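Here is a small set of exercises to work through with the viewer open. Try each task yourself before you read the solution.

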Amino acid sequence: MGKKNQPRPASREKEAKEFDEEVLQIDRVTRVVKGGRRLRFRCLVAIGDKKGRVGIGIGKATEVVNGIKKAIAKAKKSLIKVPITDTDSIPHMIEAKYKSAKLIVMPASHGTGLIAGGALRKILRLSGVKNVLSKSHGTNNKVVTAQAAILALQKLRPAIKPKKHDSHQDKPAADANKGDAIKKESPKKPAAPKKAATKSDKE
C-alpha cells in the first residue's frame with residue numbers, strides 16, 4: 001500500500017543571526033610546493049551587530065564557502081566594543097596608522113551619513129555608526145585598511161556625562177548657611193547713654 005498523505009510539519013522559522021556579515025574581499029592565493037602550485041582562496045570578512053560590536057577575520061580554504069566560514073569564526077573571537085553617542089556617531093576624533101594606511105575619523109551631526117569608503121565604510125556600518133566624517137590616506141589594500149579601521153575604533157573612549165546635582169539636597173544646606181551668616185552679621189545692641197550730672201551730685 002502506498003503511503004498516506006501525512007500533513008507536513010510546520011516549517012521552522014529561521015533563527016535570527018546574531019551578527020550581520022559582510023565579505024570585504026576574496027583573493028586567489030597560490031603556494032608553490034614540490035609537486036607544483038596549490039590554489040586557495042583568502043576571504044576577508046567583517047561582522048557586527050549594529051549595536052557597538054564589530055570584528056574582522058581572514059580565512060583561507062580551497063573553497064570560497066569554507067574560507068568565509070573560517071573568517072567568520074575568527075572574527076567572532078576578535079570582537080571589539082565601539083562607543084556610540086546619541087546622534088549615532090563617535091565621541092571624538094581619532095587618527096590611526098597601520099603599516100601604510102592612515103585614517104582620520106571625525107564625529108558628525110545627525111543626518112550627515114557615512115562619509116567613508118571601502119572597507120572603513122562597511123566596518124562602521126556594521127558597528128552601528130551612522131553619522132561620521134573620515135579620510136583615508138596611503139594604501140588602497142582592503143586588508144590593511146580594515147585592520148587600520150579596527151585599530152582606530154579601539155582608540156575610542158566613551159563620552160563622560162556630567163553628574164547631576166540634587167537641587168533638593170542643596171537647598172537646606174544653603175538656607176542653613178544663610179542663617180549662620182545672618183546671626184554673625186547681626187549688629188550689637190547700642191550701649192545706654194550716660195545720665196548728665198545734676199547739681200545735687202556735684203555738692
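**Exercise 1: A bridge and its sheet**

In strand 8, Val 132 is the bridge partner of Pro 107. Keep in mind that this model is predicted.

*Task.* Find how strand 6 and strand 8 run and how many bridges join them, then place the two strands in their sheet.

*Solution.*
- Step 1: Go to strand 8, which covers residues 132-138. Strand 6 runs antiparallel to strand 8, and seven bridges join the pair.
- Step 2: Now widen the view. The sheet is open and has four strands, in the order 5-6-8-7, with mixed pairing.
- Step 3: Look at the edges. Strand 5 and strand 7 (114-115) each pair on one side only, which makes them the edge strands.
- Step 4: Add the helix. Helix 3 packs on the sheet and touches strand 5 and strand 6. The direction of helix 3 makes about 140° with that of strand 5.

**Exercise 2: The nonpolar core**

*Task.* Work out which residues of the largest nonpolar core touch the most other members, and which helix gives the most to this core.

*Solution.*
- Step 1: The largest nonpolar core has 31 residues, and those touching the most other members are Val 54, Ile 123, Leu 124 and Leu 153.
- Step 2: Ask where the members come from. Elements that each supply at least two residues include strand 2 (36-48), strand 3 (53-61), helix 2 (118-127) and helix 3 (142-154). Helix 3 gives the most, with eight residues.
- Step 3: Zoom in on Ile 123. Leaving aside neighbours within four places in sequence, Ile 123 is in contact with Ala 46, Val 54, Ile 56, Ala 146, Ala 149, Ile 150 and Leu 153.
- Step 4: Look for a second cluster. Another core, of six residues, lies apart from the largest one, and Phe 19, Ala 71, Ile 72 and Ala 75 are among its members.
- Step 5: Link this to a general idea. In soluble globular proteins, nonpolar side chains tend to be buried together.

**Exercise 3: The whole chain**

*Task.* Count the helices and strands, then judge the confidence of the model.

*Solution.*
- Step 1: The protein has five helices and eight strands. Along the sequence they follow the pattern β-β-β-α-β-β-β-β-α-β-α-α-α.
- Step 2: Of the 203 residues, 28% count as buried.
- Step 3: The mean pLDDT is 83, and 71% of the residues reach 70 or more. Over residues 10-14 the pLDDT is below 50, and this stretch has zero contacts in the model beyond near neighbours in sequence.

Methods:
Residues numbered from 1 in each chain as written. Predicted model: local features only at pLDDT ≥ 70, side-chain atom pairs only at ≥ 80, totals over all residues. Heavy atoms only, no water. Core = buried A, V, L, I, M, F, W, Y, C linked by side-chain atoms within 4.5 Å. Buried < 20%, exposed > 50% of the residue type's maximum accessible area, 1.4 Å probe, protein only. Contact = heavy atoms within 4.5 Å. Pairing = 2+ DSSP bridges. Axes fitted to C-alpha atoms, helices over the stretch in contact; angles between N-to-C directions. pLDDT = per-residue confidence, 0-100.
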